[in-house]
Amino acid sequence: MSDEPQPQQPGPGWASREPQAADAPQRPAGGKGKDRRTGRRRLIPTWRMTLGTLLVGALLIIGGLVLGYTLVQIPPANALAIQQANVYLYADGTVIARDGEVNRENVTLDRISEDARHAVLAAEDRDFYSESAIDPQAMVRAAWNTATGKGKQSGSTITQQYVKNYYLRQEQTVTRKVKEFFIAIKLDREQSKDKILEGYLNTSYFGRNAYGIQAAAHAYYGIDAKDLDAGRAAYLAALVNAPSQYDVVAHPENRAAAEARWNYVLDGMVEEGWLSASERTGMKFPMPKETTVSTGLSGQRGYIVRIVKDHLIQNGIVDEASLDAGGYRITTTLHKDKQDAFVDAVNDKLMDRLDQENRKVDTYVRAGGASIDPRTGKIVAMYNGIDYVKQYTPNATRRDYQVGSTFKPFVFTAAVEHGSRTQDGRPITPNTVYDGTDQRPVQGWSGDRYAPENEDNVDYGDITVREATDKSVNAVYAQMAVDVGSDRVKQTAVDLGLPAETPELHPSPSIALGVATASVLDMTQAYATLANHGKHGTYTMIEKITKDGKETVELPARKTRQAVSRQAADTTTSVLRSVVQNGTATAALAAGRPAAGKTGTAEEDKAAWFAGYTPELATVVAVMGQDPVTAAQQKLYGAMGLPRINGGGAPAEIWGQYTREALEGEPVQDFDLRLQPGADRTQPPADATGTGPTPGGPTDDGETPDGEETQSPTPGTTPGQTQGQSEGQTQGQTDGGDTDGGTTDGDTTTDGGTTGDTTGGDTGDGETDDGDNGDDVGGLTGALTQNSRTRD
């Protein structure tokens, strides 16, 4: 071995000491030959960082899912199985009804028709049998649509909905959704799809207090769930989405939306192969029956519960899911004594006079009514039908019958409010003279020719507004609507209380004749505004609500405003007092109090109305014709054995009896009126000289050519000069409310005026005509020549 030193191998950390070229790349100290990241590149994560973050995130998610799955257990059934009652009370605390008795009959899947199962799957979850218990994609989509303002949407599968219905509560919270998520996964592993579907079908709510498809099949069609065909099953499946809105019997105005949902379900069944295209073609919408529900809601109670629920939901006071959960104690504004008085009046003056066995038309008769305290806006009584378990539709709130001539006062109110004038420039007051010729074309209307008929085609000639209101002359009011402006008339009606979306409430001359289909409750609110001197406040039927016996639910504050001037409202009242005293509504004198009102009859006698008020109470009554089988509107000619049903007949009689009993024991109040300037002065017609004509052309014996009894004016006076008494006085009324010997009181009052009552020709027995002339929308044809007069 040589003694020379041996070359040593480089050790760790060795580096060559040989000089390097100046242009050779420098390596970072301690580096491994890679470039140092500088500038913006330092902000970009490396692939190692990205991968690490994803792995950590995945581990956290998995850990969270495992933890959630471990911690969340399937709980026992929720309170729906032992649901609390919602208690509904009169204003005095007397119980009206309890709706906590859940109408449900659980059935096994084999007792539910295949069409029914498929219909619900087509409506709610078409991939139920092939998908997992949750659908994350649908949940994300629903959350996005909700967040972006496309409305609340559900991303839940049927399994999730069943979990919510059966195991959890209805509140919309993150905690509930998280629990629903994990319970659904566990349930899907522990129960079969058939068992979950069976549970879902037995716990879903279909409206009409029906929980489960068996109860729903009976509530809507009177059959078992096993007998449901595709058409009926598709309608029930559509109801799950919006049970209150899609009940086409309770809400006929929503039928188009309900049918659209029904078609969606059927089309889905075809797409999934559950229904043949040939069977689908030509399938007609299966109209449900009126209803059969628990007798605990019989009589007026069920109607009240349904209307109160609708009121709470539509006004955002309590949502439907919370009401379904129960536990509310709801005190209404209804007075039990007044409610009972309303039912008694309808029975005495209408229902007890029907002969349904011998007169088919009597089976069509329906009645609706509502009564409001004008000063508070509180509903104190309602009448909705003979019995909730026999006739489901509440007649006080339905909006599908024409209001007829009860709309005419809104035209006159608009005229006074806007200081309107006739076509020849005369101001419109109660004594303005109009041409009441039958089928007279309206002047100043830019649309198609419009020449409405008066009832029975009676020609009235020159007639004052007051008398035209007494006799309900269509020719006068159609012209007045044009003189005022039909758009102004519509706005005045809305200001008084009619909803702006009232069907057929369109600006045109026909608006004056009441072609609009407002509800009885809508009309009551509008007349209450007139009674309250033009001040309008939204009506209310809720006094107080508590939850679980302690928590008080906040109610919206009542807002009031001067809808029309006091002069406009009060001058209208003075005209409507004459209708009761001298016109078509003398039957209302039975109330025994100062009263104002207007009769009305819908086209073809399908409905008759009386809308009236005292200073204390505004009440509207309607008698309607409806086929009990098809639900189609029907004419009422011959009902009660009478040639026709007029507003001055049963409706005014019901009003008179109800008002007398409802106000029994309360002091009699008179109207305190402030009239428009000139309301007590008679105006001659445009082409007249001297005094005005005798309205309607009365004969020497005091009767108009059509046979109506009236009072002749005192010689030397003109129509309308029978007024002028001091404000607050009422004359010409006996204890029974009748006029004696033809003494009239036109009821136009002025501050400090002098008495100017006129004694007309003797009417013999003092009876006045109640023929309701002119109330038909568009008029009746001359084919109806029978005497329409009734006696008070």
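## Worked exercises on a predicted model

Thr502 is buried, with a relative accessible area of 3%. Buried means under 20% relative accessible area, exposed over 50%, and partly exposed in between (1.4 Å probe, protein chains only).

This is a predicted model: local features need pLDDT of at least 70, side-chain atom pairs count only at pLDDT 80 or more, and totals for chains, interfaces and linings use all residues. Residues are numbered from 1 along each chain as its sequence is written, and side-chain values use heavy atoms, with hydrogens and water left out.

**Exercise 1. Place Thr502 and list what it touches.**

Step 1. Find the element. Thr502 sits in the loop between α17 (486–496) and α18 (520–531). Helices (H or I, at least four residues) and strands (E, at least two) are DSSP runs, numbered from the N terminus.

Step 2. List the contacts (heavy atoms within 4.5 Å). With neighbours within four places in sequence set aside, Thr502 contacts Ala516, Thr517 and Ala518.

**Exercise 2. Decide whether Ala210 is buried or exposed, then find its contacts.**

Step 1. Locate Ala210: it belongs to strand β4 (residues 210–211).

Step 2. Check the accessibility. Ala210 counts as buried because its relative accessibility is 0%.

Step 3. Skip residues up to four places away in sequence. Ala210 then touches Asn103, Ser204, Tyr205, Ala215, Ala216 and Ala219.

Step 4. Compare sequence and space. Ala210 and Arg104 are 106 residues apart in sequence, yet their C-alpha atoms are 6.1 Å apart.

**Exercise 3. Describe the surface patch that includes Trp47.**

Step 1. Start with Trp47, in helix α1 (residues 47–71). Its relative accessibility is 60%, so Trp47 counts as exposed.

Step 2. Add the partners. Trp47, Leu51 and Leu55 make up a nonpolar surface patch, with about 350 Å² of accessible area together. Areas come from the Shrake-Rupley method with a 1.4 Å probe; for residues, only the protein chains shown count as cover.

Step 3. Recall the patch rule. Members have over 30% relative accessible area and no salt bridge; like charges are joined within 9 Å, nonpolar side chains (Val, Leu, Ile, Met, Phe, Trp, Tyr) within 5 Å.

**Exercise 4. Work through salt bridges, including those of Arg306, Asp373 and Arg398.**

Step 1. Set the rule. Side chains of opposite charge can pair when their charged atoms come close. A salt bridge needs a side-chain nitrogen of Lys or Arg within 4 Å of a carboxyl oxygen of Asp or Glu. The whole structure has 27 salt bridges.

Step 2. Take Arg306 and Asp310. Their side chains form a salt bridge at 3.0 Å, N to O. Arg306 and Asp310 are four residues apart in helix α11 (residues 301–314), so about one helical turn separates them. Both Arg306 and Asp310 are buried.

Step 3. Take Asp373 and Arg375, which meet in a salt bridge at 3.3 Å, N to O. Asp373 is buried at 16% relative accessible area, whereas Arg375 is partly exposed at 45%.

Step 4. Take Arg398 and Asp400. The closest N and O atoms of this salt bridge are 2.9 Å apart. Arg398 counts as buried, at 7% relative accessibility. Elsewhere, salt bridges that share partners join Glu455, Asp456 and Arg644 into one network.

**Exercise 5. Explain why strand β5 is largely enclosed, and name its pairings.**

Step 1. Count buried residues. Strand β5 (residues 328–332) is largely enclosed by the rest of the structure because four of its five residues are buried.

Step 2. Find the parallel partner. Strands pair if DSSP finds at least two bridges between them. Strand β1 (residues 87–89) pairs with β5 in the parallel sense over three bridges. Tyr88 stands opposite Ile330 in β5.

Step 3. Find the antiparallel partner. Five bridges join β5 to strand β11 (residues 542–547). Tyr328 has Lys547 in β11 as its bridge partner.
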